[in-house]
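Here is a colleague's note, written for someone who is meeting a protein model of this kind early in their studies. Please keep the sequence and the structure open while reading the points.

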Amino acid sequence: MATMSMAIRASLLLLLFLSLTTLTVSLYEDQVGLVDWHQQYIGKVKDAVFHTQKSGRKRVVVSTEENVIASLDLRRGEIFWRHVLGSNDVVDGIGIAMGKYVVTLSSEGSILRAWNLPDGQMVWESFIDGSGASKSLLTVPTNLIVNKENVILVYGKGSLHAVSGIDGTPLWTKDFAAESLEVQHIIQPVGSDAIYVLGFVGSSQFDAYQVNPENGEILKHNSAALSGGYSGEAILASSDILVTLDTSGSKLVVISFQDGELNLQETSISDILGDTSGTPVLLSSKLPGMFSVKVNGGVTLVRVTVEARLEVMDKINSVAAISDAIILNDGQQAFALVQHGDGKIHLTVKFSHDLSGDLLKETIVMEKQRGMVHKVFINSYIRTDRSNGFRALIVMEDHSLLLLQQGAIVWNREDGLASIVDVLTSELPVEKEGVSVAKVEENLFEWLKGHLLKLKGTLMLASADDVAAIQERRLKSSEKSKLTRDHNGFRKLIIVLTKAGKLFALHTGYGQVVWSLLLPNLRKSECEFATGLNIYQWQVPHHHALDENPSILIVGRCGQGSDALGVLSIVDAYTGTEVNSMDLGHSISQVIPLPFTDSTEQRLHLLIDGNQHAYLYPRTSEAIDIFQREFSNIYWYSVETNNGIIKGHVLKSNCIQEVLDNYCFESRDIWSIIFPTDSEKIITTVTRKPNEVVHTQAKVIAAEDDLMYKYVSKNLLFVATVAPKGSGAIGTATPEESWLTVYLIDTVTGRILHRMTHHGAQGPVHAVFSENWVVYHYFNLRAHRYEMSVIEIYDQSRADNKDVWKLILGKHNLTSPISSYSRPEVVTKSQSYFFTYSVKAIDVTLTAKGITSKQLLIGTIGDQVLALDKRFLDPRRSLNPSQAEKEEGIIPLTDSLPIIPQSYVTHALRVEGLRGIVTAPAKLESTTLVFVYGVDLFFTQLAPSRTYDSLTDDFSYALLLITIVVLIAAIFVTWILSEKKELREKWR
C-alpha cells in the first residue's frame, strides 16, 4: 500500500507540474493581434505631388478630405508616414519645397508647416496672422530666392505672406483686406522677379497687383471693370492670362495682364462650343496656354493665343477627369484625360502643344462598384528604351485610390472606409453540410491555385511572392475568416455606409471586405448631391427560414437640405445585391424602426417627413393590418435643437391629399418642452439601445439588506443643455456664466422624471444610456478638469414586491402592466468624478443575456479606447465601505477615475480621427464585439468579466491529453507494482 500511495503522490506532483507549466505559458504569451485587427486609411485624395527622383524611395505625397497628409509608396501603395491634422485643421494646399520638405497650409490659411520628406517629422511650424477671412492659397516657387533664402508665398486671412522655406520665419506681410480683394491666384511669371496678386473686388471688378518679392511693396496696381460680372471661379490659362465666365455663364472673359497692363476680351460661349443646352463649367486643370470647358459630359479644350484669342483645339465626349500638365525630361509638357465606356476606363496622355497624337493610350477594366473617376494625377518616368512612360494616380467615386501603369492596376486602396457614417452588424449564413469550403469561399481555379502554391512550398520551390501568397491564404482559410457562422458568435459581418454612398461588408475575422456596393439610387443623374444617412435591419429570417437571406435598409437623401426627397435601398446582407429601391415623394427627417414584423420577417418602419407626416414601409396590405392594430400605441418624439424644443407625437389619421395614400398618416403633438433660449441650449440627447437585453430589473443592496427595482424603460430620453455662453469652446465662458443641466424625460408623456444642474460646467457632453443608468462627460470650469457623472434611476412604486409573504400569498403586483401614464415614483442616485481625458465617443458593452458586468468604452482625445468598469461609476461608492459593501463589490470612493494602462482596448495602437464606437453581443455571454471607426478601423473581442464560459484560444488540448495519458499509465503501473508486492508478501 505504501508503494501505491507513493505512486499516486508522484502522479499528483506530475499533474501539478504540468498545470504550472501551462499557467506559465499563458501568462507570458502575447495576445495582441489574435482577436483584433487594425486598418489604416487616409480618405479621399484632394491633391497629390509625386517625388520620384533617382535617389530615395519613389513616393507620392497626398492631402485628403479627412485632413490627412500622407506619403505613399508608389510600388505597393503602403503608407510611409502620415499625419491626421484634425477636423478643425482643414488642409488648404500642399507642395514640395527645396526637394526635401513637404509644405502644407491648413486652418483657413493660418498654419504653415514643413515636414521632412523621408520620415514625415515636422521641421518647422509657422502661424499666419491676418485681419479677415479669405480664400487660402499656397505657392511654392522653384526659383524665388530672397536674401539667400527660398521663399514660400502664402495668402490667408486677407494678407499675403512671404515665409522662409528653411525655418518658417515670416519675411514680410502685405495686407489686402482693406481693398476687399477676393484673391484667386498668386503667380510669378516665367522670367520675371515680380509677384502678381490677381483677384476680384465684388463681382464686377478685376484687380492685378505687382508686388516686390524683396519687401512686399506694391510696384503697380491696375483694375478693370467686368461688364457681365464674374461667376466666382477663374482659371489661369498661362502665366499672364486669366479666363473666367460672366455671371450668366454665356460669355468667356479673357483677362490679359502682360507687364501689369490689363486687357479684357469677351467671347460668347456659343461661338466656341456651338449651341448647348447645359451650363458650362470651367475645369480647374492647369494646362499651359489652354483651359477646358465641360458641358453635358463633354469637354472642349480651348487654346489661348498670345493675342488672347480663343481657338478650339479638341472636343472629347464622356471625359471624367483631366490632370494638370507635367514637364517631361525634354522640356515638353503633357497631360492626361480619362474617359469611361463599357465598364472600362480609357487613359490617354497627350502633348500640351499638339493634341493630334497620343503619347499613351491604355484601357483598363474597372470594377463597376468603384463608380466614376473623380480626379487623375500623372507622373512620368524613363523606360529602358529611353522613351517616356507614365503612371496615373486616380481617385474614384467611392473615394478609393488606384495606381495605373502599363495598362494594369498596380495597387488600390479602399480609402472610402475612412469616412464611415453608419454601422450595422449582421449574422453570417449557417454552414451547410455536404458543401465543401472550396465551393463556398473560392471558385475552382483559386482552389487549385492554392494547392499548387502549397506544393511549391513543400518542395521548397516557392519564391518570396509565393511565400507571401501562401501566408495570406493560410490566414484566409483559418477558422476566423470562414464565411459561415461559428457556435460562439464571433464571426459576423460589419456592414458600414460611407460618405461616398457605398456599402462595405467587413468580416470580423481579419477585416477583409466580403462585398461592396456603390448604391445605384444615390448615383442617379437627377439625384444631385445625394447622401447616405443610416442603415437599419429590414429583414432578419428566424431559424425556420434559414434559406432566406437577411436584408438591410439604407436610407438616403437626394440633396443636401433636410427638405430633400428621400431614397430607400434594400440590400441582401449576404451577397451585397440590391433587392429593391424606392424614390420617395417626401423628405426624411426621422426613421423609427417599429417592434413589429410581418409573416416574411420584414420589420415595419415609420418614416417621418419635415411636416411630421408619417409614412409606413413596407407598403403592403399585411403591414398596414399589423400597423392598424397597434395604431394607438405608437409614440415618438422630435428634437428641435436650434429652437430648444422637444415634442411628443402620436398618429391622428390618414393624410389629406389629392391622391389617397393609405400608408401616409398625419400626426399631432401631445406634449412639448420648451427650453428658454436665453438660459439653455440643447447640446446632447441620448436614449437606450433598442437591442439591449436587461437580465434582471432587481438590484440587491446587500449592505442595507434591501432590494431595489431598476426603472427600465425604452421611452426614457437623456437631455443635456448648457447656458448659451457655455456652448462655445472650452474657456470662452467663466464659471459664473456657464452651467450644465441634465434631464431624464419620459418621451410618451413628456414628464420630467429627474433634473440636475452642474454649476460652472461646460460642454461638449458625451453620454451613454444603459439599463437604468446614464453616464455623461463634460468640463468643470471651476476645477479646470473634465468630469464624468452617473445617474441611476429606481422604481419606488414596486417597493411592496419586497415582501416575501405577499409573493407566497399571490398578493403582489409583479404581473400588473406598467404604463408611462401611471405616475412613477422614482428615486435617483448620482455621483461625479474627475476624469483625466477629453472624450471623443463613449459606449457600453453589450452581451447576449445582459448577465455579464458592464464596461464603459471611452474614446479618448488620444484616439485610443479605454475600458472602464462600471463599478468605478457606482453612485453608492463611499470613503469607507462596510464589509458587506466590500463583499458586494463596492469600491472605496476616490475623487478621480483610474486610468489603468492595461485597460486600453486598442493596446498601443491609435484609431486616428476616432468618431464612433459600436458594440455587438456574441453568442457567448462573456464576450462582446467592439468596432471602432474613424480614419482608421479597429476591431476586437472583449470579455468584461473574463471568459468564464469558455476555454481560451491558447488552451493546450495536447497537454491535457498528455496529462490524462500519463495519469492512466501511472495508475496502471502502480496497480501492477501493487499486485506484485502483494504476491511477494503472500509467499513469505
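The points below go from the whole chain to single residues.

1. The model is a predicted one, which should be kept in mind throughout. Its chain holds nine helices and 65 strands, and of its 988 residues 49% are buried. The accessible surface of the chain amounts to about 47500 Å², and carbon and sulfur atoms account for 52% of that area. If one takes the contacts between residues at least 6 apart in sequence, 50% of them join residues at least 24 apart.

2. A good place to begin looking is strand β42, which covers residues 565-572. Seven of its eight residues are buried, so this strand is largely enclosed by the rest of the structure. Strand β41 (residues 551-558) runs antiparallel to β42, and seven bridges join the two. Within this pairing, Ile 552 has Val 571 of β42 as its bridge partner. Together β41 and β42 make a hairpin with six residues between them, and in the turn Gly 559 has a positive phi of about 150°.

3. Strand β42 also pairs with strand β43 (residues 578-587), again in the antiparallel sense, and here the pairing extends over six bridges. One position to find in the viewer is Leu 568, which stands opposite Met 582 in β43. These two strands likewise form a hairpin, with five residues between the strands, and Gly 576 takes a positive phi near 80° there. When tracing such strands, it helps to remember that in a regular strand the side chains alternate between the two faces of the sheet.

4. Which residues does Gln 39 touch, leaving aside those up to four places away in sequence? They are Tyr 510, Gly 511, Gln 512, Asp 936 and Leu 937. Gln 39 itself lies in strand β1, which spans residues 37-39, and its side chain makes a polar contact of 2.7 Å with the side chain of Tyr 41. Gln 39 counts as buried because its relative accessibility is 14%, and the cut-off for buried is under 20%.

5. Two residues other than glycine deserve a careful look for their positive phi values, namely Ser 318, with phi near 55°, and Glu 601, with phi near 70°. Ser 318 sits in the loop between β26 (310-316) and β27 (319-322), while Glu 601 sits in the loop between β44 (590-597) and β45 (603-608). Is each of them buried or partly exposed? Ser 318 is partly exposed at 44% relative accessibility, whereas Glu 601 is buried, with a relative accessible area of 13%.

6. Two peptide bonds that lead into a proline should be checked as well. The bond from Tyr 617 to Pro 618 is cis, with omega near 5°, and Pro 618 belongs to the loop between β46 (614-617) and α6 (621-629). A cis peptide bond also joins Gly 763 and Pro 764, where omega is about 5°; Pro 764, however, is placed in strand β56 (residues 761-770).

7. Finally, the surface carries a nonpolar patch formed by Phe 972, Val 973, Trp 975 and Leu 977, which together have about 420 Å² of accessible area. Val 973 is found in helix α9 (residues 957-987), and it is partly exposed, with a relative accessible area of 44%.

Key
Residues numbered from 1 in each chain as written. Heavy atoms only, no water. Helix = DSSP H or I, 4+ residues; strand = E, 2+ residues; numbered from the N terminus. Buried < 20%, exposed > 50% of the residue type's maximum accessible area, 1.4 Å probe, protein only. Polar contact = N/O pair within 3.5 Å; in protein donor to acceptor, adjacent residues only side chain to side chain. Contact = heavy atoms within 4.5 Å. Pairing = 2+ DSSP bridges. Patch = residues over 30% accessible without salt bridge, like charges linked within 9 Å, V, L, I, M, F, W, Y side chains within 5 Å. Areas by Shrake-Rupley, 256 points an atom, 1.4 Å probe, with all protein chains shown as cover. Salt bridge = Lys/Arg side-chain N within 4 Å of Asp/Glu carboxyl O.
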